[in-house]
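Subject: The structure you asked for

Hi,

Here is the structure I promised to pass on to you. Have it open while you read, and I will walk you through what turned up.

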Amino acid sequence: MENATEITPSIPNQTNGEVEKSSNNGNQNDESIVTDKREDKYYQDAKKYWSTISPTVDGMLGGFGSISFTDTRGSDQFLKNLFKLKPAPGRVQALDCGAGIGRVSKNLLMNLFERVDLVEQDAQFCATAESDLRPSGKLGTVYNVGLQEFRPEDGQYDVIWCQWVLGHLTDGDIVEFFFRCTKALKKNGMMVIKENFTNTDAVELDRRDSSVTRPLHVMKQLLTKGNLRVVKELRQKDFPKGLYPVHMIALRPIINS
């Protein structure tokens, strides 16, 4: 799933930076059940939204297909600079999270890695990616599952790339996902996130596609909770006015597994 989201006015705020929780004053078990149901609805609403989207670059980018070249160029420069670090990540295997139809894999990752696996919750997008990318000889496994349920193998990836997808995870699930990713990295491996961030201190909820846009400082708090530290950070340049700020953040585990 990708979405270069336009800034939307009057978006309801979330509660405590998470998907809205129940104010139920009953016992803890009742509150937990209500919260679970709301989180299930949050994920189901997103799944329903993406099922209506065309499996095209324009569809993946929310009608902003024209930015794909600029986006890829910025990502390519950022990633190539990571290979200059000491120690640098390897260039054998990458994971594309929230891959959609494989736009990032095709235009970026497959040019730099020998094998690329994809994770995408929409079955139609997975089928499109499989058909389009399999002839390259670099496509590994396409996992048709949401990131909140994805369990990568330990020590598998040189780079894990997440772009325009983390807003679909609740705070609790994103921290657990980060933990799993730290274990999935090879020695000297890195995780890269490329996401929209708000211009304010508020977490903004988009009910249309059931996602949130977080402030940068909130994301960094979640990264720390998920055992990740920032190695390099850069704001994407040359995007049209009216879009959220987009930052690329390269990360390594705070404590290696």
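Let's begin with I160, in what is a predicted model. Which residues does I160 touch, leaving out those up to four places away in sequence? Its contacts are L95, C97, C181, A184, L185, M190, M191 and V192.

I160 belongs to the largest nonpolar core, a group of 41 residues. Along with C162, L166, F177, F178, M191 and I193, I160 is among the residues with the most contacts inside that core. Several elements supply at least two residues each: the helices α1 (28-50), α6 (171-184) and α7 (216-225), and the strands β1 (93-97), β4 (157-163), β5 (185-196) and β9 (246-253). Which element gives the most to this core? That is α6, with 6 residues. Another core, of 25 residues, lies apart from this one, and F83, V104, L133 and M190 are among its members.

Next, the sheet. Seen as a whole, the protein chain has 7 helices and 9 strands, and 7 strands form an open sheet. Trace them in the order β3-β2-β1-β4-β5-β9-β8, and you will find that the pairing is mixed. Strands of a sheet pair through backbone hydrogen bonds, and they may do so in a parallel or an antiparallel way. The edge strands, β3 (139-143) and β8 (228-235), each pair on one side only. From one strand to the next, the twist averages 20°. In the case of β4 and β5, the pairing is parallel and runs over 6 bridges. Here you meet I160 again, since this residue stands opposite M191 in β5. The helix α7 packs on the sheet, where it touches β5, β8 and β9. The direction of α7 makes about 150° with that of β8.

Now a little check you can do yourself, on helix α3 (residues 68-82). How far should its 15 residues span at 1.5 Å a residue? Taking 1.5 Å times one less than the number of residues, the expected span is 21 Å, and the end C-alpha atoms are 21 Å apart, so the two agree. The buried residues of α3 are S68, T70, D71, T72, G74, S75, F78, L79 and L82. They are covered by parts of the chain that include α2 (57-60), α4 (103-107), β4, β5, β8 and β9.

What about the cysteines? The structure holds 0 disulfides. For C97, the nearest cysteine sulfur is that of C162, 3.7 Å away. A disulfide needs the two sulfur atoms within 2.5 Å, and C97 is in no disulfide. Is C97 buried or exposed? It counts as buried because its relative accessibility is 0%, and buried means under 20%. C126 has a relative accessible area of 8%, so C126 is buried too.

One last residue to look up is A46, which is found in helix α1. Its relative accessibility is 4%, so A46 counts as buried. A46 touches H168, D209 and S210, again not counting residues up to four places away in sequence. A46 and S211 are 165 residues apart along the chain, yet their C-alpha atoms are separated by 7.2 Å.

That pair fits a wider pattern to look at. Of the contacts in the protein chain between residues at least 6 apart in sequence, 71% join residues at least 24 apart. Buried residues make up 53% of the 257 residues in the protein chain.

Happy exploring!

Note on methods:
Residues are numbered from 1 along each chain as its sequence is written. This is a predicted model: local features need pLDDT of at least 70, side-chain atom pairs count only at pLDDT 80 or more; totals for chains, interfaces and linings use all residues. Side-chain values use heavy atoms; hydrogens and water are left out. A nonpolar core is a set of buried Ala, Val, Leu, Ile, Met, Phe, Trp, Tyr and Cys residues joined through side-chain atoms within 4.5 Å. Buried means under 20% relative accessible area, exposed over 50%, partly exposed in between (1.4 Å probe, protein chains only). Helices (H or I, at least four residues) and strands (E, at least two) are DSSP runs, numbered from the N terminus. Contact means heavy atoms within 4.5 Å. Two strands pair if DSSP finds at least two bridges between them. Axes are lines fitted to C-alpha atoms, for helices over the stretch in contact, and angles run from 0 to 180 degrees between N-to-C directions.
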